[in-house]
Amino acid sequence: MAMQLETAQVVEHRDYGGGYRLLKLAAPGIAPQVQPGQFVHLRVPRLNDAVLRRPFSVFQADHGTLALLYKAVGRGTTALTALMAGDSVSLIGPLGHGFPLDGPADRVPVLVAGGYGMAALYLVAQRLPRQGVVCVGGRSARDILGVEDFTALGWPVHIATEDGTRGVRGLVTAVLDAWLGEGRHGRAPEFFACGPNGLLQAVGDRAQAGGWTAWLSVDRHLGCGVGACLTCVVQLQDAAGEWAWVRSCKEGPVFESRQILWEAETA
Amino acid sequence: MSAPDLSVNLGGVRMRNPVMVASGTFGYGPEYADLVDLNRLGAFVVKGISLDPWRGNPPPRTVETASGLINAIGLQNPGADVFLRDHLPFLRQFDVPVIVNIWGRTVEEYAAVAERLSAAAGLAALELNVSCPNIKEGRTTFGTNLPMFRRVLAAVRLKTRLPLIPKLAPDLAQIKAFAQAAEEEGADALSLINSIPALAIDIETRRPVLANRTGGLSGPAIKPIALKLVWEAAQAVKIPVVGIGGIATAADALEFIIAGASAVAVGTANFTEPTTALTVADGIRDYLVRHNLGTVKELVGTILC
């Protein structure tokens, strides 16, 4: 399960909807090793004055290829849009500790995503041996991604948008709370969440109130991606109440909700 | 012609080639070991260690700038004892000199961490990070105050027989004075430069990007500045100099060697391409072959001007 430095080839690069693009790469070394919630660190071609690679959650992976979802928001992702089929891209991966899939079999997996956060959750649904439910939220209908991918796996998807253009009007917690109230029929959930800090904290609060487990994928600014530079730290506490800055690229990006001290995140 | 000799004796540190990885850019060994054969490095400089554990700064800790990176990690480290117990054994599996970068907040802390580490087996040298504020004496950094710089070096020198390599701050006006002071206080080699104090601002919030406000700039952006300082320092002393600052290619490293560096360290470029130190060493060898040079030592300080 060692990480690798691999030169991958672009096999597909297309619009995915909502302003996102899907980049599919042939990476026979990395792709078969990817666990749900892990990421790759990509050197953006032709971005010669950038000293850092750019991290991307692995959206989909099979024996030879992996797919990334991104939106052109900064210099790195804008430069990525120029990639064409056949181009080479340097990757380091798979990186980080992803979502554990060995939770108790009597728990209903509940995936909670904020917009693009669903990219880190698709492999959880695909690889879990039991079916669960997806709650996804976004600002508007165009921010709701991948619903068809989850429904194709047989997972029901509950949608909330802040402007009400798709699903329930409100935050993702609106559909999550509805499911927790009436949808779960007494069954205990296990949460898998990826999205903004507010969403992660809200999921964690519900898990802790109910005595359940919530696996949260934090999104930090990354440096080296392999644990050397200590850029991407998250404030974690241990059972004794001691806290430390912990690397999200190495020990994370997935942590159980009780580990994270949110005061430092929101400060 | 036989293969050129890349080996270097850096003030008692015997290196198979002149290319090391700089402190803080390669962790404690395991971080890149899956990607890079550590046995092929000239030396491994461990991330800065203090006597006691230190938590470091809140994030954001780094920001990328044009051809550079500003960092304010804040020297997070597990302390000398945990380093020796949990981290050094991994590095000792490899045939590579281990140089430990050390720092303190007082002269006494520097001396204490040097003493603690010197009692352990398996270290090749100590590199002194003097770019820390002295919390006892006005928070001036050790590396920018000549008398304080001499005191901390003298105190550490008394506590260790390991080769001692002070890492100089990029003092544009006084680099020769610091280099000579280091030599007089018993340093076995010098490394320079440390990162350059720098600032980035978020124009939307008008706040500094880094939680620590300022940080240290590294990467290709600082290379020409570092090169001039290395050139000046190398002329001022007889002890060997390690050139550091923005090295990403063999050509960069060769510039430092021609300017007077006996060895070089690759830093920020490790984040871009983890194998940079290896490709730099290979490129130096190719250059020596191309120029009919039998050893890398022959090239050191051969700048013509």
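pLDDT is the predictor's confidence in each residue, on a scale from 0 to 100. The views below come from a predicted model.

**View 1. Confidence of the predicted model, with chain B as the example.** Chain B has an average pLDDT of 96, and 99% of its residues reach a score of at least 70. For the model as a whole, the ipTM is 0.94 and the pTM is 0.95. Where pLDDT is low, the predicted coordinates should not be read in detail.

**View 2. Helix α5 of chain B and its buried residues.** Helix α5 covers residues 175–184 of chain B, and its buried residues are B:Ile175, B:Phe178, B:Ala179, B:Ala181 and B:Ala182. When the helix is viewed down its axis, these buried residues fall within an arc of 160°, so they line one face of α5(B). An α-helix has 3.6 residues a turn, so residues three or four places apart point the same way.

**View 3. Surroundings of α5(B).** The buried residues of this helix pack against two other helices of chain B, α4 (146–159) and α6 (223–236), and also against the strands β9 (164–167) and β10 (190–192). Just after α5(B), B:Gly186 adopts a positive phi of about 100°.

**View 4. Chain A, with its six helices and 16 strands.** The C-alpha trace of chain A spans about 50 × 45 × 35 Å along its principal axes, and its radius of gyration of 18 Å agrees with the value near 18 Å expected for a compact globule of 267 residues. Of these 267 residues, 58% count as buried, while the chain exposes about 10,600 Å², of which carbon and sulfur atoms supply 51%.

Note on methods: Residues numbered from 1 in each chain as written. Chains lettered and ligands numbered in written order. Predicted model: local features only at pLDDT ≥ 70, side-chain atom pairs only at ≥ 80, totals over all residues. Heavy atoms only, no water. Buried < 20%, exposed > 50% of the residue type's maximum accessible area, 1.4 Å probe, protein only. Helix = DSSP H or I, 4+ residues; strand = E, 2+ residues; numbered from the N terminus. Arc of directions from axis to C-beta. Contact = heavy atoms within 4.5 Å. Rg over C-alpha atoms; globule rule 2.2 N^0.38 Å. Areas by Shrake-Rupley, 256 points an atom, 1.4 Å probe, with all protein chains shown as cover.
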